Amino acid sequence: MPELTVGELAALCGAELEGDADRVVTGPATLSAAGPRDISFLSHPRYVRQLERTAAGAVLVAREVARPREDLVLLRCEDPGSAFSSIVSAFAAPLPGPEPGVHPSAVVDSTVELGEGAAVGALAVVGPGSRIGARAVIHAGALVGAGVVIGEETEIHAGVVLYAKVSVGSRCIVHSGTVIGGDGYGFEPGTAGWVKVPQCGTVVVEDDVEIGSGCTIDRGRFGPTRLGRGTKLDNQVHLGHNVEIGERNLIVAQVAVAGSARTGEGVVIGGQTGVAGHVEIGSGARVAGQSGVYGDLEGGRDYQGSPAQPQKDELRRKAGSRKVPALLARVRELEKRLSDLEERLSR
Amino acid sequence: MPELTVGELAALCGAELEGDADRVVTGPATLSAAGPRDISFLSHPRYVRQLERTAAGAVLVAREVARPREDLVLLRCEDPGSAFSSIVSAFAAPLPGPEPGVHPSAVVDSTVELGEGAAVGALAVVGPGSRIGARAVIHAGALVGAGVVIGEETEIHAGVVLYAKVSVGSRCIVHSGTVIGGDGYGFEPGTAGWVKVPQCGTVVVEDDVEIGSGCTIDRGRFGPTRLGRGTKLDNQVHLGHNVEIGERNLIVAQVAVAGSARTGEGVVIGGQTGVAGHVEIGSGARVAGQSGVYGDLEGGRDYQGSPAQPQKDELRRKAGSRKVPALLARVRELEKRLSDLEERLSR
Amino acid sequence: MPELTVGELAALCGAELEGDADRVVTGPATLSAAGPRDISFLSHPRYVRQLERTAAGAVLVAREVARPREDLVLLRCEDPGSAFSSIVSAFAAPLPGPEPGVHPSAVVDSTVELGEGAAVGALAVVGPGSRIGARAVIHAGALVGAGVVIGEETEIHAGVVLYAKVSVGSRCIVHSGTVIGGDGYGFEPGTAGWVKVPQCGTVVVEDDVEIGSGCTIDRGRFGPTRLGRGTKLDNQVHLGHNVEIGERNLIVAQVAVAGSARTGEGVVIGGQTGVAGHVEIGSGARVAGQSGVYGDLEGGRDYQGSPAQPQKDELRRKAGSRKVPALLARVRELEKRLSDLEERLSR
């Protein structure tokens with residue numbers, strides 16, 4: 001890792017320096033793990049006590065944070081979390097990947113169009129008629145089917161599987177273990193059991209999409225399953241056939257979206273939530289984790305619960321369910337008092 | 001894509017034609033996306049308004065649907081969804097896969113028995129003593145261990161992992177990212193920590209089973225984990241060791257079934273549901289998504305909730321929990337009125 | 001499979017024999033599946049009736065179990081489940097894997113340090129600067145990035161992906177489909193959409209850890225994501241960036257742990273549970289399946305529900321929510337009786 005002075009780092013992220021500008025640091029660390037040659041940051045109030053005790057050589061903090069000790073070097077800025085990203089990048093060398101060109105062990109069909117500076121790693125496979133954009137990187141062992149289109153500067157990580165005819169845009173990142181273009185889940189009752197409904201569509205991933213590890217995105221029954229530009233998927237997300245995810249969505253780990261469901265722009269879906277088939281979620285809606293979306297949701301609001309309801313209603317419902325034992329006692333008491341009264345009056 | 005007339009398509013799926021039989025269409029599309037050279041279908045009443053506005057060249061509808069416009073060409077039949085499948089297939093060329101024979105880059109042990117017309121794709125591995133049935137297809141990069149048996153016409157997609165000694169029947173489809181035969185999750189407390197319980201069984205997948213992408217099916221502790229004939233798994237399903245899934249089950253995405261649980265025939269389990277170890281689910285039971293099955297379930301009924309209960313009871317419980325805030329207000333009112341009465345009578 | 005006498009097996013696991021010591025058995029089986037040449041065991045009272053009817057040649061039982069039939073050969077011991085493990089192992093040959101050395105089809109960089117007796121299987125990839133410990137096994141098609149460290153006797157199964165710089169300890173087992181070291185899920189709002197927060201840390205898996213199939217463990221934003229010594233993960237577990245799992249944890253299938261969450265020693269997390277970012281779970285805490293941990297949990301106690309609460313409170317809450325319909329009827333009755341009384345008194 002390189003050595004940088006605190007003064008250089010303050011300049012790098014536009015922070016105001018409080019303390020020795022010449023102190024040298026060699027890398028980023030958390031407040032609790034940092035030593036005198038590490039730089040750290042305080043982004044969340046829950047870690048204020050760690051700030052007091054930290055051994056870090058310097059700490060990025062928000063403008064209003066009090067300096068707990070004279071010897072602590074502080075870099076003050078608007079958003080320490082965001083500023084810290086540029087500092088982390090200054091220290092980190094990018095992870096090594098395959099060199100431009102095709103690794104001799106890869107199996108790339110002679111009909112593949114390979115853009116300038118594109119790289120195909122060891123033991124990767126690229127099927128007939130596929131087009132790989134300029135400076136795209138196909139890591140070791142990735143399996144790219146026939147007729148696949150991959151845009152410029154897109155990174156397909158080790159072991160990813162793209163079925164035939166899938167299309168991935170430019171500047172996308174697809175992490176390992178992810179499968180794009182498997183058959184959608186469609187079966188009809190037949191005389192001898194379930195009959196497969198042909199899955200003849202494809203998957204279109206638009207530009208600037210990132211897909212985490214271990215996701216599965218099924219091809220459409222016909223027509224595409226689609227991920228809108230700038231959307232980011234966490235790990236182990238499942239998208240059924242003909243799902244249409246809008247632009248700039250955030251979909252957190254282990255979410256499952258059933259067939260033909262649609263989301264607008266800027267939708268956020270928390271981890272482990274399920275979305276039923278054919279529902280629509282409006283732009284800007286935010287669905288909390290572990291929810292179940294069984295009907296259309298209007299945009300611009302926060303939802304929670306299963307079935308998902310406006311957050312306020314769900315919090316009220318949950319609070320209510322905790323009050324039942326006490327309510328039961330009150331009703332029992334009422335019944336007793338009322339019986340006493342009735343008996344007295346009947347005498 | 002081929003060009004077909006509406007008359008040809010009506011004949012293909014046994015539909016009654018209303019409109020111009022000579023109109024040419026070139027492919028299937030949804031009602032909202034279709035243009036004049038596309039054929040579409042209406043299967044769900046929620047899309048009736050899309051039927052009114054569609055630009056589709058022709059639309060498959062149920063017999064009783066009203067014709068909204070004179071210029072709309074309709075194909076009337078019993079089940080438009082099912083009929084549409086044969087139309088989709090008429091347009092779709094099957095996705096390309098490996099040619100019969102062994103790709104020169106594949107590593108297939110000399111002891112492997114390869115059936116007539118079977119195909120092993122680029123960079124696939126097949127271990128010693130395995131048997132691949134006639135016309136089976138092992139796609140690129142699939143990893144088949146030693147002593148594995150694969151039936152006729154079964155398709156093992158790119159990157160699938162079959163551990164040693166796993167058996168997959170005939171006419172099965174296993175999608176990418178799926179792992180069959182990993183160790184079951186078994187540990188016993190020991191003096192220095194958890195001690196591994198040996199997992200010495202295997203997995204038996206019977207005929208006509210389809211397994212989605214990213215599933216994990218563990219080998220039995222001893223004896224097999226079993227998937228019954230004609231069962232269909234969606235993506236990211238987890239089956240623990242010695243699970244026995246009956247015939248013709250439908251198990252939707254992200255379901256987890258813990259060790260030694262068993263299901264009868266024709267069981268349906270909705271997405272994201274969990275099934276505890278050792279429970280039995282009777283034939284024909286249908287468990288809603290996001291449920292938790294913690295005890296045996298009698299066959300032939302619908303269940304929901306966590307713990308899963310007969311659907312009616314769970315819906316009642318859920319409705320009840322939403323009524324608590326109102327109930328609280330009524331109890332408060334009762335207490336006040338009763339206190340007033342008591343006070344009046346004590347004077 | 002070898003043939004062993006019941007007497008030999010009783011000696012092997014220290015059991016007291018009741019019946020013919022010379023009877024020969026050839027393998028383990030469940031009570032219901034076992035024939036006269038199989039040995040079985042009774043570990044769970046729910047299977048007592050299967051003991052009565054079993055055709056097994058011999059059965060391991062606890063000391064206090066009654067002998068249901070004269071012809072049944074019993075092996076009595078303290079813990080039949082644990083004793084049975086040694087019997088299963090006596091019959092089971094280990095699954096075949098790659099031979100020591102590097103398979104000619106593997107792509108192992110010339111700078112890789114390979115320990116004595118280590119094995120790298122067919123079509124596996126090991127990147128520059130990686131170190132593989134003595135007797136470690138890298139199965140077919142595993143993809144090991146640059147600068148990875150793998151300890152002695154560790155087994156990396158077929159198709160596993162280890163991103164660059166990941167470290168796995170000694171005597172670990174990592175099952176197929178698992179991805180270690182993908183980018184954490186971090187994005188900040190920018191003017192044109194979400195901006196990627198660089199993920200520059202790594203993953204450290206300590207000694208004696210087992211990780212099931214299809215897990216995804218993200219690298220830290222900076223600093224490591226960590227799995228403590230002796231921890232065991234089931235299938236399809238997701239761990240976010242900078243998660244720190246303590247020693248000897250058991251984390252069951254489909255659990256998701258969000259970024260920077262931490263667990264103490266000996267924590268148990270049931271299947272399908274979600275843990276929110278930044279929370280801490282104390283040593284010895286046990287969280288039931290399908291729970292949601294949204295705040296810190298004190299160690300040494302049992303939790304359940306979403307949000308997770310002490311188990312007793314959650315069971316009380318759940319029981320309460322089932323009583324609401326009856327409570328509603330009681331309140332309605334109270335209102336009627338009180339109205340009657342009020343009316344009578346107002347006359």
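Copies of a chain are superposed here by least squares on the C-alpha atoms of residues with pLDDT of at least 70 in both. The model is predicted. On that basis, chain C falls on chain A with an RMSD of 0.1 Å after a rotation of 120° and a shift of 0.0 Å along the axis. The two copies are thus related as by a three-fold rotation axis. Within chain C, Ser321(C) has the C-alpha nearest that axis, at 3.2 Å.

**Interface of chain C and chain A**

Chain C contributes 62 residues to the contact and chain A contributes 63 residues. About 5000 Å² is buried between chain C and chain A, with 62% of that area on carbon and sulfur atoms. Of the area that chain C buries against chain A, 15% comes from Tyr185(C), Trp194(C) and Phe222(C), more than from any other three residues.

The polar side of this interface comprises 3 salt bridges and 28 residue pairs in polar contact, counted with both residues at pLDDT 80 or more. On the side of chain C that touches chain A, at least two residues each come from β21 (179–182), β22 (187–190), β23 (193–196), β26 (216–218), α4 and α5 of chain C. The element that gives the most to this side is α5(C), with 10 residues.

**Interface of chain C and chain B**

Here 63 residues of chain C are in contact with 62 residues of chain B. The buried area is about 5000 Å², and carbon and sulfur atoms give 62% of it. Between chain C and chain B there are 3 salt bridges and 28 residue pairs in polar contact, both residues being at pLDDT 80 or more. The elements of chain C that give two or more residues to the side touching chain B are α3, β28 (232–233), β31 (250–251), α4 (311–322) and α5 (324–346). On this side too, α5(C) gives the most, with 13 residues.

**Salt bridges**

Over all chains, the whole structure holds 66 salt bridges. Five of them are tabulated with their N to O distances.

| Residue 1 | Residue 2 | N to O distance |
|---|---|---|
| Glu335(A) | Arg330(C) | 2.8 Å |
| Lys196(B) | Glu210(C) | 2.9 Å |
| Lys196(B) | Asp183(B) | 2.8 Å |
| Arg135(B) | Glu152(B) | 3.5 Å |
| Asp207(C) | Arg171(C) | 3.9 Å |

Lys196(B) has a salt bridge to Glu210(C) and another to Asp183(B). Lys196(B) is in strand β23 (residues 193–196) of chain B and Asp183(B) is in the loop between β21 (179–182) and β22 (187–190) of chain B, so their pair ties together parts 13 residues apart in sequence. With a relative accessibility of 29%, Lys196(B) counts as partly exposed, whereas Asp183(B) is buried at 15%.

The pair of Arg135(B) and Glu152(B) is formed between side chains. Arg135(B) sits in the loop between β13 (131–132) and β14 (137–138) of chain B, and Glu152(B) in the loop between β16 (149–150) and β17 (155–156) of chain B, so the pair ties together parts 17 residues apart in sequence. Arg135(B) is partly exposed at 42% relative accessibility, and Glu152(B) is partly exposed at 40%.

In chain C, Asp207(C) and Arg171(C) meet through their side chains. This pair links distant parts of the chain, 36 residues apart: Asp207(C) lies in the loop between β24 (202–205) and β25 (210–211) of chain C, and Arg171(C) in the loop between β19 (167–168) and β20 (173–174) of chain C. Relative accessibility is 22% for Asp207(C), which counts as partly exposed, and 40% for Arg171(C), also partly exposed. In chain A, salt bridges with shared partners join Arg171(A), Asp207(A), Asp208(A) and Arg229(A) into one network.

**A buried glutamine**

Gln236(B) is in the loop between β28 (232–233) and β29 (238–239) of chain B. Gln236(B) counts as buried, at 4% relative accessibility. A polar atom of the Gln236(B) side chain lies 3.3 Å from the backbone oxygen of Val237(A). The Gln236(B) side chain also makes a polar contact of 3.0 Å with the side chain of Gln254(B).

**Aromatic pairs**

There are 12 aromatic pairs over all chains. In one of them, the ring centres of Tyr185(A) and Phe187(A) are 5.2 Å apart and the planes stand at 75°, so the pair is edge-to-face. Both Tyr185(A) and Phe187(A) are buried.

Phe41(C) and Phe84(C) form a stacked pair, with 4.4 Å between centres and 15° between planes. Phe41(C) belongs to strand β5 (residues 38–41) of chain C and Phe84(C) to helix α3 (residues 80–91) of chain C, 43 residues apart. Phe41(C) is buried at 14% relative accessibility, and Phe84(C) is buried at 0%. Ring pairs also link Phe41(A), Phe84(A) and Phe222(C) into a cluster.

Key: Residues numbered from 1 in each chain as written. Chains lettered and ligands numbered in written order. Heavy atoms only, no water. Phe/Tyr/Trp six-rings, centres within 6.5 Å; stacked < 30°, edge-to-face > 60°. Buried < 20%, exposed > 50% of the residue type's maximum accessible area, 1.4 Å probe, protein only. Helix = DSSP H or I, 4+ residues; strand = E, 2+ residues; numbered from the N terminus. Contact = heavy atoms within 4.5 Å. Buried area = accessible area lost by both parts, 1.4 Å probe. Salt bridge = Lys/Arg side-chain N within 4 Å of Asp/Glu carboxyl O. Polar contact = N/O pair within 3.5 Å; in protein donor to acceptor, adjacent residues only side chain to side chain.
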